[in-house]
Amino acid sequence: MTDHRIAAPLLPGATIGMVGGGQLGRMFALEARRMGYRLIVLDPGTDTPAAQFCDHHIRAPFEDLNACLELARRSDVVTLEWENADVSTLRAMGEHVQIHPSPDVLEVAQHRVREKDAARRLGVLTAEYRAVRSKEELEAALAEIGAPAILKTARMGYDGKGQATIRDAAEAGAAWEELSREGDDFILEARVPFWMEVSVICARSASGQTACFPVSENEHRRGILHLTVAPARVPDEIAEEARRVATALAEGLGVVGLLAVEMFVDADGRILMNEIAPRPHNSGHHTWEACGVSQFEQQLRAVCGLPLGDPALLRPAAMVNLMGEDAGTGLGRAGVARALEIPGTALHLYGKHEARAGRKMGHLTVLADSADEAARRARRAWERIAAGG
Ligand SMILES: Nc1ncnc2c1ncn2[C@@H]1O[C@H](COP(=O)(O)OP(=O)(O)O)[C@@H](O)[C@H]1O
Ligand SMILES: [Mg+2]
């Protein structure tokens, strides 16, 4: 493969290519435009959240090799907000332009077994897991790991989709029935009785400089992130270990850009990696208001070879997702004005035209003097939008 290492930083005026045009790309686009960069987005949708703010939108499916090559040719660097593009297509694009993070990193991050194998190789703990490709392998894996366990599709899962919990051996058949329609490549994981879920977003530049955002504490509902609180309310040693794990993974995988690492803290205070995402992450949205640099600007700096920004938390913050089922995200925006009465509340809406249940429509970030107070206010603000008044 041709070596296109960036010797000098890509300065404002350069064109950044973005694979994916959702809300992560939108917030990246806002930062890129603010800093004077040009942005081309590849996404199959019309008027997508990111396309509303980019210079050019190549409207094509991610499987369209010619469209991907057009993005590569027209960009000075390519980055992504969606990590599931075909790796061989990405490698073909890599003949024309640097892609950050690299196709090698994406190949790992696209597959739950590979990412856990990589974690273990780097000395990072994970739940017990087995690769599963048939009902017989599922039964054998369950006998080894024990119940409760979670069967997940190895690829393409997000927001808890493509997962089935197996509470005891008798449920294995039903779980297989349900998920085997979605592919032939699975992972069975022991269900971790975690004390808390946390995440760390680590930025790494081509020169090897790394910078972690403070640890986020995450609460999920039905497999979807609901609330993030920063800083996570954990002892310092646990926060330190979470950041060490994220840095070890970013360095070990050779990430250039961002690596978001979701982790469980168990009852003994041990950190187990759950999954990685080589891009901005929902649990880092508060960085926009709360940190010295947002995760999106940090991604831009990392992929353009600029010095990384200061990820320090300037004020405790809480972020709550606004979903399609929350009344205020629909027509009329009921409850939005009342939510904004709560001091320190900022509103982000992603410009999605249709509010569907389970769809992320926007988020609120609330800053306060303590993490507890930020979390309380964020819940109150969310209740007003969810209830629509
Ligand atoms: N092995 C596990 N043990 C306990 N809870 C889990 C496990 N795997 C997933 N979960 C729960 O489901 C959520 C979503 O699963 P995750 O593996 O992160 O997939 P997704 O790609 O959908 O985010 C996690 O944040 C966590 O709350
Ligand atoms: Mg997850």
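Author: Helices (H or I, at least four residues) and strands (E, at least two) are DSSP runs, numbered from the N terminus. The model is predicted: local features need pLDDT of at least 70, side-chain atom pairs pLDDT 80 or more, while totals for chains, interfaces and linings use all residues. Residues count from 1 along each chain as written, chains are lettered from A and ligands numbered from 1 in written order, and side-chain values use heavy atoms, without hydrogens or water.

Reader: In what order do the strands of the sheet with parallel pairing stand?
Author: This sheet is open and has four strands. Two strands pair if DSSP finds at least two bridges between them. The order is β3-β2-β1-β4.

Reader: Why is one side of β3 and of β4 left without a neighbour in the sheet?
Author: β3 covers 56-59 and β4 covers 77-80. Both stand at the edges of the sheet, so one side of each lacks a neighbour. The reason is that each has a single partner strand.

Reader: Which residue of β4 stands opposite Val-19?
Author: β1 (residues 15-19) pairs with β4 in the parallel sense. Four bridges join the two. Opposite Val-19 stands Leu-80.

Reader: Which helix lies across β1 and β4?
Author: The helix in question is built from residues 295-304. Lying across β1 and β4 is α10.

Reader: Which strands form the edges of the sheet with antiparallel pairing?
Author: This open sheet of four strands has the order β5-β8-β6-β7. An edge strand here pairs on one side only. The edges are β5 (129-132) and β7 (163-166).

Reader: How many bridges join β6 to β8?
Author: β6 spans residues 149-153 and β8 spans 186-190. The two run antiparallel. Ala-149 stands opposite Ala-190 in β8. The number of bridges is five.

Reader: Which helix packs on this sheet?
Author: The helix covers residues 135-145. Its contacts (heavy atoms within 4.5 Å) reach β5, β6, β7 and β8. The helix is α6.

Reader: How many residues surround ligand 1?
Author: A residue counts if one of its heavy atoms lies within 4 Å of the ligand. The closest are Lys-152, Gly-160, Val-192, Glu-197 and Glu-275. The shell holds 20 residues.

Reader: Which strands each supply at least two residues of that shell?
Author: Four strands meet this mark. Two of them are β13 (257-265) and β14 (271-277). The full list is β6, β8, β13 and β14.

Reader: How far is a polar side-chain atom of Glu-197 from an oxygen atom of ligand 1?
Author: Polar contacts here are pairs of N or O atoms within 3.5 Å. A backbone N or O atom of Asp-159 lies 3.0 Å from a ligand oxygen. A backbone N or O atom of Val-192 lies 2.8 Å from a ligand nitrogen. For the Glu-197 side chain and a ligand oxygen, the distance is 2.6 Å.

Reader: Where does Pro-101 lie?
Author: Most peptide bonds are trans. The one from His-100 to Pro-101 is cis, with omega near -10°. Pro-101 lies in the loop between α3 (87-93) and α4 (103-109).

Reader: What is omega for the cis bond from Ala-147 to Pro-148?
Author: Pro-148 sits in the loop between α6 and β6. The peptide bond from Ala-147 is cis. Its omega is near 0°.

Reader: Where is the place of Met-156?
Author: Most residues other than glycine have a negative phi. Met-156 is not a glycine, yet has a positive phi of about 70°. Met-156 is placed in the loop between β6 and β7.

Methods: Axes fitted to C-alpha atoms, helices over the stretch in contact; angles between N-to-C directions. Polar contact = N/O pair within 3.5 Å; in protein donor to acceptor, adjacent residues only side chain to side chain.
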